[in-house]
Amino acid sequence: MTSAAPHDLVVTQATLADWPVIAGWAAAEGWNPGLSDGPAFFAQDPDGFFLGRIDGEPVSAVSVVNYGSDYAFLGCYLVRPGLRGHGHGLTTWKTALAHAGNRTVGLDGVVAQQDNYRQSGFELAYRTIRFTGTVPQLEAPAGVRPAGPADHTAITAYDSACCPADRPRFLAEWLTGPGHRAFVRHDGARLTGYGVLRPGHDTLRIGPLFADTAADARALFAALTSEAAGRPVAIDVPEPNAAGVALAEEAGFQASFETARMYTGPVREHARHRVFGVTTLELG
């Protein structure tokens, strides 16, 4: 952590009690964070969140959440309006990034920051497009049902195959968080996908939406949106997944925001074709 004279920036680890400050800044930026993201985020790595303060007042934030020994994800990179341009964000970034050690670090970068990320060693992997729309009442199709505790082991294994790292602690909270609705799709006895809907500050959010095929994804999307008839919903779709983009467009959703998935190095092989909707831009 940094030490400082009075009126200088001091960067320390944040706690779950600090999360409303970070989430409030993110909401003000139009990022639409989930209303109950904090417990799941901190469950994965309670030491991975950082705040910069001047005279005790928060002015900057970033998270560097570790997943195992090989991978970390950077998010929540924020500086309070009116205090930007003074190096507070960069100091907070550098302090927090040390938490990742030698791990490959990923992030979902907003357009305005992507050149800065490249200068810090991050390379573009693909674009992610946020689609937003309002859906009519739909019937949940056969083969899709709400997830229960008995499904958590299969969901965790399926999730690991779709991600650069295992994240059981995160999922234990994400699947059961306040207002979160999780659905699974089965082909007989085998899980062929799952998805989660959660309340956000501006719209409901779908994430993740992981599925074997476009048909599985479409069935899960119908089940998730059946919970949200007449309300705005957002989903972040990796642009290389053409079937995912088509699914959002066929539902009448409009592109409203974009980010770039970037990495500092290699990540483990995973089933990227199954990712029809990113879990969260803050933690990957």
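Student: Why does E282 count as having no salt bridge, and how far away is the nearest side chain of opposite charge?

Tutor: The nearest side chain of opposite charge belongs to R198 and is 4.7 Å from E282, whereas a salt bridge calls for a side-chain nitrogen of Lys or Arg within 4 Å of a carboxyl oxygen of Asp or Glu, so this pair does not qualify. The charges themselves are assigned by residue type, with Lys and Arg positive, Asp and Glu negative, and His and the chain ends not counted. E282 is nevertheless buried, a word reserved for under 20% relative accessible area, as against exposed for over 50% and partly exposed in between (1.4 Å probe, protein chains only).

Tutor: This is a predicted model, in which local features need pLDDT of at least 70 and side-chain atom pairs count only at pLDDT 80 or more, while totals for chains, interfaces and linings use all residues. Residues are numbered from 1 along each chain as its sequence is written, and side-chain values use heavy atoms, with hydrogens and water left out.

Student: What makes the link between E282 and T280 a polar contact?

Tutor: Their side chains are joined at 2.5 Å, which meets the rule that a polar contact is a pair of N or O atoms within 3.5 Å, where, within protein, one atom must be able to donate a hydrogen and the other to accept it, and residues adjacent in sequence count only if both atoms are side-chain atoms. E282 itself lies in the segment after β13 (275-277), strands being DSSP runs of E with at least two residues and helices runs of H or I with at least four, numbered from the N terminus. Apart from neighbours within four places in sequence, E282 is in contact (heavy atoms within 4.5 Å) with F41, S63, F73, L74, G75 and C76.

Student: Why is G106 called buried?

Tutor: G106 has 0% relative accessibility and therefore counts as buried. This residue of strand β5 touches Y71, A72, F73, L74, F122, M262 and Y263, once residues up to four places away in sequence are set aside. Between G106 and P136, by contrast, the C-alpha atoms are 36 Å apart in space, with the two positions 30 residues apart in sequence.

Student: How do you know that D108 and R261 form a salt bridge?

Tutor: Their closest N and O atoms are 2.8 Å apart, a distance inside the cut-off already given for a salt bridge. D108 is in strand β5 and R261 in strand β12, so the pair ties together parts that are 153 residues apart in sequence. Both residues are buried, and the search of the whole structure finds 15 salt bridges.

Student: What makes R190 and D212 a salt bridge, and why is R190 called partly exposed?

Tutor: Their side chains meet at 2.9 Å, N to O. Since R190 lies in strand β9 and D212 in the loop between β10 and α7 (214-226), the pair ties together parts that are 22 residues apart in sequence. R190 is partly exposed because its relative accessible area is 45%, while D212, at 18%, counts as buried.

Student: Which classes do D151 and R145 fall into?

Tutor: D151 is buried, with a relative accessible area of 10%, and R145 is partly exposed, with 36%. The side chains of these two residues meet in a salt bridge of 2.8 Å, N to O.

Student: Why is S36 called buried, and which backbone oxygen lies 3.0 Å from its side chain?

Tutor: S36 has 14% relative accessibility and so counts as buried. The oxygen is that of P178, which lies 3.0 Å from a polar atom of the S36 side chain. S36 is found in the loop between α1 (19-28) and α2 (37-44), and, not counting residues up to four places away in sequence, S36 touches G177, P178 and H180.

Student: What volume does the largest pocket have, and which element gives the most to its lining?

Tutor: The volume is about 660 Å³, and β4 gives the most to the lining, with six residues. Of the 31 lining residues, Y77, L78, V110, Q113 and Y117 are the closest to the centre of the pocket. A pocket here is an open set of points on a 1 Å grid over the protein atoms alone, where a 1.4 Å probe fits, with protein on both sides within 12 Å along at least five of seven lines, and lining residues have an atom within 4 Å of a point.

Note on methods: Grid points are joined across faces, edges and corners, and a volume is the space filled by probe spheres set on the points.
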